[in-house]
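Please open the model in your viewer and keep the sequence panel beside it. The stops below each give a selection to make and then describe what is found there.

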Amino acid sequence: MQPSADDLWFVPLGGTGEIGMNLNLYGHNGQWLMVDCGVSFDEPLTPSYRRVKPAVEDRVDDIKHRVVAPDPKFIAEQKDALVGIVITHAHEDHVGAIPYLWQRFQVPIYTTAFTAEVLRRKLARSNLANKVPIIEVDGSESRQIGEFCVTWLAITHSLPEPFALKIETPVGTVLHTADWKIDANPITGKPFDPSLFKALANDNVLALVGDSTNATKPGFSISERNCYDGLLSTISPMKGRVVVGCFGSNVARLISLARVAKKTGRYMGLYGRSLINMYSIAKQQGVWPDDLPVVDPVHLGYLPPEEVLAVATGSQGERHTALMRLAADAHPHLQLDKGDCVLFSSIIIPGNEESVLRLSKALQAKGVTVIHSEDSPLPIHASGHPCEEELKLMYHWVKPAISIPVHGENVHLRAHADIAKACGVNKSYVGQNGDLYRLAPQPSIRRQVVFTGRLPVNQS
Ligand SMILES: [Zn+2]
Ligand SMILES: [Zn+2]
């Protein structure tokens, strides 16, 4: 299957119909461009969206694997037609599969400095150290990659250097939003700049391929700055140790917490490899503010409780993570007692309710106060994805002919398509991995014509 000079195609191999392991392909004139190449965690090999149509699958594989990547067979079998891989930002669901899958493609990767550093460190732990050509692009640059002219458009999300992409071909232009929200105060990076997207109204954008994660939520997402205020007000009156569970990659949140620690006279330490790694990259890339110290976590156990602020991984109740160890009194550096508090500055990802409940109960049994963002009267977590009103603004600015909701389960994709329709977008295609979205010359969707699947991969 090859796109002709008249065609512009979009084919998702991962991330459409599910949240996680994004892998997108754009096809034009015999060439393909890959956008993102990510993983998911604790997933079975048969996706839930496939189970409702058992005819598609011969057998259902229910065993959960620690790390799962999309099966790239479709593009690996025609890798000579693949001109490059663009990585939009450094989250695992966008970059995490490169160390496992790149060997099958062997093409250059285009991304910005922060994401490049995250990727280099991942590759250094794999057998691909120094073997992968990573081309660092500037945040406002355009690059001709084969038949595709790609322009990086700065956007806001929950980590440094998130980008949307304008992808131009002679037969049509696509805005690939990747993960985004409108944040006027994102803590890392510049505030959201609407002018970049308003300008696209003059570009005759054929399709907007966009984030659907929070399309079912009304209103606007809250700013990272509000989250900082909420954390400060929550932590200020506390007298015991404070431990904050947060996603390892949430650099903005880490900086907010470091500010809170400074304001409340606490020392901040990090527990968990992914947190320490992200902090170290943020420092190296000049993203981490110089006036916010982080102490060696070994020291936290010796400090008076009111001077401790620990940030820990494991907010989903995963085994062998820092929060689990703290709950089990098995952490080498810190012990929690009655009067201490654990804040979950994160959401409970659907499917993890039981493990999070187990973790909370273990902590409460020790007399530790547990506050989940879902129950907190003040905002202690901010999502990095756009709610309904943000999606509406984007559609009003960009005015695409077609809406293609991605990065979500079917319910999110449908909600996103409804929003696009309400904004006057005439066509939208709600599909899933393996569908062929034909954007030009005649828009249409052919369902389930491309092979997809999942591969278990071993995390290095
Ligand atoms: Zn993301
Ligand atoms: Zn994502």
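Helices (H or I, at least four residues) and strands (E, at least two) are DSSP runs, numbered from the N terminus, and the expected span of a helix is 1.5 Å times one less than its number of residues. This is a predicted model, in which local features need pLDDT of at least 70 and side-chain atom pairs count only at pLDDT 80 or more, while totals for chains, interfaces and linings use all residues. Residues are numbered from 1 along each chain as its sequence is written, chains are lettered from A and ligands numbered from 1 in the order in which they are written, and side-chain values use heavy atoms, with hydrogens and water left out.

**Helix α9**

Select α9 (273–284) first. Its 12 residues should span 16 Å at 1.5 Å a residue, and the end C-alpha atoms are indeed 16 Å apart, so the two values agree. Colour Leu 275, Asn 277, Met 278, Tyr 279, Ile 281 and Ala 282, which are the buried residues of this helix; buried means under 20% relative accessible area, exposed over 50%, and partly exposed in between, with a 1.4 Å probe and protein chains only. An α-helix has 3.6 residues a turn, so residues three or four places apart point the same way. The buried residues of α9 pack against α5, α8, β16 and β17, where contact means heavy atoms within 4.5 Å. Just after the helix, Gly 286 takes a positive phi of about 75°.

**The largest nonpolar core**

Which residues touch the most other members of the largest nonpolar core? Select Ile 235, Met 268, Trp 288, Leu 309, Val 311 and Leu 343, which hold that position among its 36 residues; a nonpolar core is a set of buried Ala, Val, Leu, Ile, Met, Phe, Trp, Tyr and Cys residues joined through side-chain atoms within 4.5 Å. Among the elements that each supply at least two residues of this core are α5 (113–124), α8 (251–263) and β17 (308–312), and the largest share, 7 residues, comes from α8. Because domain 1 (8–219 + 383–456) and domain 2 (224–372) both give residues to this core, it lies between them; the domain bounds come from an automatic or database domain assignment. For a closer look, show Ile 235 with its contacts, which include Val 242, Leu 257, Val 260, Leu 309 and Leu 343.

Next, colour the model by domain. The centres of domain 1 and domain 2, taken over C-alpha atoms, are separated by 31 Å, and their contact takes 17 residues from domain 1 and 18 residues from domain 2.

**The two zinc ions**

Move to the zinc ion (ligand 1), whose protein donors are His 89 (NE2), His 91 (ND1), His 157 (NE2) and Asp 179 (OD), lying 2.1 to 2.3 Å from it. Donors are N, O and S atoms within 2.8 Å of the metal (3.2 Å for Na, K and Ca), and water is not among the atoms, so sites may look incomplete. The 4 donor atoms subtend angles of 92 to 162°, which makes the arrangement irregular; four donors count as tetrahedral if all angles lie between 85 and 135 degrees, four count as square planar and six as octahedral if opposite donors are over 155 degrees apart and all others between 65 and 115, and anything else is irregular. His 91 counts as buried at 10% relative accessibility, and His 157 is buried with a relative accessible area of 4%.

Which residue coordinates both zinc ions? Asp 179 does, and the ions are 3.5 Å apart. The zinc ion (ligand 2) is coordinated by Asp 93 (OD), His 94 (NE2), Asp 179 (OD) and His 407 (NE2), at 2.1 to 2.2 Å, and its site is likewise irregular, with angles of 87 to 161° among the 4 donor atoms. Asp 93 lies in helix α3 (residues 92–95) and His 407 in the loop between β20 (402–406) and β21 (408–409), so the pair ties together parts that are 314 residues apart in sequence. Both Asp 93 and His 407 are buried.

**Met 21**

From Asp 93, select its contact Met 21, placed in the loop between β2 and β3 (23–28). At 1% relative accessibility, Met 21 counts as buried. Met 21 also touches Gly 14, Val 68, Ala 69 and Arg 454, among others. Measure from C-alpha to C-alpha between Met 21 and Ala 69: the two are 48 residues apart in sequence and 6.0 Å apart in space.

**Helix α13**

Finish at helix α13 (residues 410–422), whose 13 residues reach 18 Å from the first C-alpha to the last, close to the 18 Å expected at 1.5 Å a residue. Its buried residues, including His 412, Leu 413 and His 416, pack against β2 (16–17), β14 (207–211), α12 (388–398), β20, β21 and β22 (427–428).
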